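Please open the model in your viewer and keep the sequence panel beside it, since this tour moves from one selection to the next.

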Amino acid sequence: AALAHGVDAAAVLGVPFEGEGNAGAIIFERAEAMDDSQRALACDAALFVGPVLLLKARADAPFITRLRAFLPGYSAGASASSRQSSLIVVAAVAVAIGVGVCWPTTWHVVAPARVEGLGQRVVPAPADGFLQTVKVRPGEAVKAGQVLATLDDREPALEVERADAERAQFDRQYRDALTRDDAAAAVIAGAKLEQAAARHALALRRLERTQLLAPFDGVLLSGDLAPSLGMPVKRGQELMIVAPAQSWRIVAEVDEQDVLAVQPGQKARVLFAALSGRSEDFTLARVSPVGQVLEGRNVFEAEGQPAGPAEGLRPGLRGVARIEAGERAPIAVWWERAMNALRRLMWTVMA
């Protein structure tokens, strides 16, 4: 009634609602009088919207208020004994959490991980030349001795022909000297023939090296040279990388603040994004003594081989590794990291 007198409304209707032990009301104001159908519509709207408003109010409430609503002892009309029981439950949960964070347990160093080929081999350019053909692309399986790419072989082929002609010429001279029984000419022609044969063999070797061959059965990791046909290459230039087909290593990128806790021989487990249904166990075999910057972080690489069959693994897979770094209480780890961060901050400020 007071609201109706204070506002410019011909009709004011309050519709109460309740839900999950709480109650509220929605006030409808109308410039004209409400008939029965409009009042029924307002009641239906309140019954539909009211529970949603209660849920929103509960979500926006402070944490303490939500915690009290969760505890049975703080509900409306609860007795003193019920409140005491709720306090006991809260105390028990707090003690359990305190024991959990203070009790020594296995400390895991968590680090990003990737898969690489074990003993992967670089296929370099054997000599200066021009790229002629490309037979395979990254990701394809290759066999030992398979031709991966070829360089322009016109100049090496001409060199072979010249060396072969020179060898044939000295061979005729040597045979002619033998026929004439000229020992001195035979010795000279024989020496020249040996030199020509060596040059011919060297030319054949250079011609063979214009073909880049796979060193073993495996997978081509990198070296998409198809867009570079006809381009010049330098001797020793890295062209392709081949990894063994079934031999892998797992490399964990350990942050520098955890590297002192990581040692060879520790057990670890890794979960890859592409193989989230199972994890792979491995043992650290080596921890790099030199750090490197990866994605803006200074990391040290800790590597090992999978303990079981490496089914489904392939180069380039990324995941998360958990390395068992001994027994420590969680609160001790958190405290140490917080103190180290504070020391670094104070050192920076004081400098």
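Two strands are taken to pair if DSSP finds at least two bridges between them. With that in mind, and remembering that this is a predicted model, begin by selecting Phe-130, whose bridge partner in β10 is Pro-232. Extend the selection to strand β5, residues 129–134, and to β10, and you will have two strands that run antiparallel and are joined by two bridges.

Next, widen the view to the sheet around this pair, which is an open one of four strands, arranged in the order β8-β7-β5-β10 with antiparallel pairing. Which strands stand at the edges? They are β8 (211–213) and β10 (232–233), and because each has a single partner strand, one side of each is left without a neighbour in the sheet. In general, the strands of a sheet pair through backbone hydrogen bonds, in either a parallel or an antiparallel manner.

Now move to strand β3, which covers residues 105–117, and select Arg-114 within it. Is this residue buried or exposed? Arg-114 counts as buried, because its relative accessibility is 13%, and the cut-off for that class is under 20%. Display its side chain together with that of Glu-116, with which it makes a polar contact of 2.8 Å, and then add Glu-253, whose side chain is joined to that of Arg-114 by a polar contact of 2.9 Å. If neighbours within four places in sequence are set aside, the residues in contact with Arg-114 include Arg-249, Ile-250 and Val-251, as well as Leu-294, Glu-301, Leu-317 and Arg-318.

Stay in strand β3 and select Trp-107, which likewise counts as buried because its relative accessibility is 13%. Among the residues it contacts, again leaving aside neighbours within four places in sequence, are Asp-258, Ala-261, Ile-323, Glu-324, Val-333 and Arg-337. Then draw a distance from the C-alpha atom of Trp-107 to that of Asp-181: the two residues are 74 residues apart along the chain, and these atoms are separated by 89 Å.

For the last stop, go to helix α7, residues 330–350, and select Met-346. Met-346 counts as partly exposed because its relative accessibility is 41%. Add Leu-342, Leu-345, Val-349 and Met-350 to the selection and show the surface, where these residues form a nonpolar patch with Met-346 that has about 540 Å² of accessible area together.

Notes: Residues are numbered from 1 along each chain as its sequence is written. This is a predicted model: local features need pLDDT of at least 70, side-chain atom pairs count only at pLDDT 80 or more; totals for chains, interfaces and linings use all residues. Side-chain values use heavy atoms; hydrogens and water are left out. Buried means under 20% relative accessible area, exposed over 50%, partly exposed in between (1.4 Å probe, protein chains only). A polar contact is a pair of N or O atoms within 3.5 Å; within protein, one must be able to donate a hydrogen and the other to accept it, and residues adjacent in sequence count only if both atoms are side-chain atoms. Contact means heavy atoms within 4.5 Å. Patches are made of residues with over 30% relative accessible area and no salt bridge: like charges are joined within 9 Å, nonpolar side chains (Val, Leu, Ile, Met, Phe, Trp, Tyr) within 5 Å. Accessible areas come from the Shrake-Rupley method with a 1.4 Å probe; for residues, only the protein chains shown count as cover. A salt bridge is a side-chain nitrogen of Lys or Arg within 4 Å of a carboxyl oxygen of Asp or Glu.
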